[in-house]
Amino acid sequence: MRTRARGAALIVSLLLLALLTLFALAAASSARIEHTLASNELFRENAANAARAGIELATLELLTMPHSDLAVPLQRHLTIAAGIDCDVRARFAGYEANLPQDSAVLLAGAHFEITSTGQSARGAREVQRGGLMIVVPAPAEFIESVAAMPGGGAAPCGEAAGRRCLQAGQSFTTFWRRVPENAASP
Amino acid sequence: MPELMIALAIAGITLAGAFTLLAHGRELLNANESMTQLQDQARHAVSVVAQDLEHAGSFGFGLDPATLSVVRDGDLARVIAGGDALRQDAPRVALPSSLHDCGGNFALDLALAVEASNNHFAAGVDASRCAPTASAGGAVPGADTLTVRHASGEPASPTPGKLQLYSRRFATQSGQVLFADGRAPGALDADRRVFDVVVRTYYIARNSVEREGWPALRAKTLTAVAGEPRFRDEEILPGVEDLQVQFGISDTASDVAVTRFVDPGAVELRDFPPLAVRVWMRIRADSSERGHRDERTWQYADAEFMPAAAEQVFRRTLVSRTVVLQGGPRGPRS
């Protein structure tokens with residue numbers, strides 16, 4: 001009997017140790033999966049915020065740029081933090097006539113389309129597209145092209161017209177949208 | 001023999017401890033899983049509404065609601081109504097009556113990118129056929145209703161019965177055009193596109209599709225059925241018990257930064273348009289949890305909630321998101 005019992009404590013201890021190790025591994029694995037899921041969500045948010053920051057950056061640059069340079073395409077790379085960055089492009093689309101205005105100088109709406117791609121860790125990526133209109137004094141060639149229009153390319157404004165008057169320097173976000181990964185350019 | 005007895009005794013004690021640990025661990029794991037699932041649901045529910053809100057007020061290439069008009073027969077000159085005649089306090093525009101099911105001009109009032117009712121279900125003025133669908137069992141009392149308006153993110157094809165926007169990049173201030181007969185009133189190219197008008201009203205229903213008495217987040221979305229405009233009522237997520245909304249306004253001279261949040265219907269909203277929207281959603285777990293008692297009082301927005309005894313067995317979470325609205329002018333004001 002004594003011979004048969006010898007070594008039992010070791011076997012029982014090893015079994016116990018194996019069991020406890022399994023518990024610990026299962027708990028660690030579960031925690032790791034949850035951490036990964038939470039991180040993925042965070043990276044997606046980071047990419048979205050980076051894309052948004054890109055649009056804001058381009059908007060600020062366009063607003064402070066000399067009018068003569070507005071037609072030059074803008075391309076910037078912005079690093080927000082380690083592993084979080086964005087590529088932003090802005091292109092001049094053209095001028096809008098018939099803005100409601102009471103200015104002595106004819107005003108036009110300079111339209112821009114801004115596309116910003118935010119990137120973060122684990123391939124998280126988001127593309128956003130925004131439209132911007134800046135009210136600027138109309139360039140000479142534009143004034144010529146709208147001269148034949150009723151009102152000479154300007155629309156009435158003020159209380160009588162029921163519309164607010166726009167002023168040079170004002171700007172509007174005309175649109176904003178998230179772009180699906182495989183979407184064509186609008 | 002004594003060694004074996006001692007080893008067995010130690011093993012017994014250790015195993016008992018290990019199994020107790022295991023049982024507690026299992027309970028914790030279940031609670032953890034329940035919480036993770038609940039948080040997943042909450043994230044999903046709030047992101048659906050937040051994504052809609054992020055696009056609120058974004059209409060094609062942009063528009064000034066004062067110059068927006070409705071045309072027919074694919075002809076820009078055949079104007080049915082425009083400007084203030086598209087507002088909800090104006091007489092109904094002569095379009096298919098189903099377009100007004102949720103209220104006169106409710107679908108056309110694009111000047112209001114967001115609107116909400118406080119602590120009750122409501123859509124537009126004189127909403128005749130906009131009650132929650134029969135299977136929803138009515139709206140949950142005390143929950144807000146939130147309506148969001150914007151255009152589809154991507155261009156669409158002209159479709160009869162759909163309310164659509166013919167948007168011209170260089171006519172944002174001089175007249176964008178709505179139509180609902182599937183006939184675009186002009187050429188289509190990179191600077192002239194058709195977008196679907198999205199009008200969606202979120203509310204909390206008493207019943208979910210699969211469980212009676214189980215609340216759910218639902219939405220009424222403007223779409224087209226058999227060539228006619230219709231508000232389709234669909235469930236988004238079961239388990240959402242409450243929706244609360246507040247609008248961020250700026251009541252100072254700066255008028256760009258949110259200074260405070262007010263409930264829907266607040267008098268301040270007459271003078272100060274919302275710059276941001278904050279939504280709260282209270283969500284309950286799919287099943288009850290052994291040993292869990294939710295006895296706390298939940299306080300958020302203008303809501304206060306303490307679960308009834310029978311409902312305390314469900315784990316809950318509260319999630320909120322603040323979304324800054326797009327559009328609007330920057331720089332000097334006229």
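Where in chain A does A:Arg122 lie? The residue sits in the loop between β4 (107-119) and β5 of chain A. The model examined here is predicted. Phi of A:Arg122 is near 50°, a positive value in a residue other than glycine. With a relative accessibility of 52%, A:Arg122 counts as exposed, because exposed residues are those over 50%.

A:Asn98 also has a positive phi, near 60°, and is likewise a residue other than glycine. A:Asn98 belongs to the loop between β2 (84-96) and β3 (99-100) of chain A. Its relative accessibility is 21%, and A:Asn98 therefore counts as partly exposed, since buried means under 20%.

Chain B contains an open sheet. Four strands build this sheet, in the order β11-β10-β12-β15. The pairing is antiparallel. Strands β11 (260-262) and β15 (316-324) of chain B stand at the edges. Each has a single partner strand, so one side of each is left without a neighbour in the sheet. Neighbouring strands of the sheet are turned by 25° against each other on average, with direction ignored.

The pairing can be followed strand by strand. Strand β10(B) is joined to β12(B) by eight bridges, and the two run antiparallel. Opposite B:Phe247 stands B:Val277 of β12(B). On the way to the edge, β12 of chain B, residues 276-284, pairs with β15(B) over nine bridges. This pairing too is antiparallel. Here B:Arg282 has B:Leu318 of β15(B) as its bridge partner. In a regular strand, side chains alternate between the two faces of the sheet.

What lies across β10, β12 and β15 of chain B? Helix α1 of chain B, residues 2-55, does so. The helix runs at about 155° to β12(B). Strand β12(B) itself is mostly covered, with eight of its nine residues buried.

Two loops of chain B add further detail. B:Ser288 is found in the loop between β12 and β13 (298-300) of chain B. The relative accessible area of B:Ser288 is 47%, so the residue is partly exposed. B:Ser288 touches B:Val313 and B:Phe314, when residues up to four places away in sequence are not counted. B:Ser34 is 254 residues from B:Ser288 in sequence. In space, the two are 9.5 Å apart, C-alpha to C-alpha.

B:Glu154 has its place in the loop between β4 and β5 (160-168) of chain B. Its relative accessible area is 24%, so B:Glu154 is partly exposed. B:Glu154 and B:Ile80 are 74 residues apart along the chain. Their C-alpha atoms are separated by 26 Å.

Empty space was examined next. Rolling a probe the size of a water molecule over the atoms shows where empty space is left. How many cavities of 30 Å³ or more does a search of the whole structure find? The search finds one. About 30 Å³ of space lies in the largest cavity. Chain A contributes A:Trp176 and A:Arg177 to the lining. From chain B come B:His55, B:Ser58, B:Gly60, B:Ala151, B:Ser152 and B:Gly153. By class, the lining has two nonpolar, five polar and one charged residues.

The second largest pocket holds about 880 Å³ of space. Its lining comprises 35 residues. Closest to the centre of the pocket are A:Ala48, A:Glu126, A:Arg178, B:Gln51 and B:Glu54. Several elements of both chains each supply at least two residues of this lining. In chain A these are α2 (8-64), β5 (125-137) and β7 (171-179). In chain B they are α1, β4 (145-151), β7 (192-205) and β15.

Which element gives the most to the lining of the second largest pocket? Helix α1(B) does, with nine residues. By class, the lining of this pocket divides into twelve nonpolar, ten polar and 13 charged residues. Helix α1(B) thus appears twice in this account: the helix lies across strands of the chain B sheet, and α1(B) also lines the second largest pocket. Strand β15(B) likewise recurs, as an edge of the sheet and as a contributor to the pocket lining.

Key. Residues are numbered from 1 along each chain as its sequence is written. Chains are lettered from A and ligands numbered from 1 in the order in which they are written. This is a predicted model: local features need pLDDT of at least 70, side-chain atom pairs count only at pLDDT 80 or more; totals for chains, interfaces and linings use all residues. Side-chain values use heavy atoms; hydrogens and water are left out. On a 1 Å grid over the protein atoms alone, a cavity is a set of points where a 1.4 Å probe fits but cannot get out, and a pocket is an open set with protein on both sides within 12 Å along at least five of seven lines; lining residues have an atom within 4 Å of a point. Grid points are joined across faces, edges and corners, and a volume is the space filled by probe spheres set on the points. Ala, Val, Leu, Ile, Met, Phe, Trp, Tyr, Cys and Pro count as nonpolar, Asp, Glu, Lys and Arg as charged, and the others, Gly among them, as polar. Two strands pair if DSSP finds at least two bridges between them. Axes are lines fitted to C-alpha atoms, for helices over the stretch in contact, and angles run from 0 to 180 degrees between N-to-C directions. Contact means heavy atoms within 4.5 Å. Buried means under 20% relative accessible area, exposed over 50%, partly exposed in between (1.4 Å probe, protein chains only).
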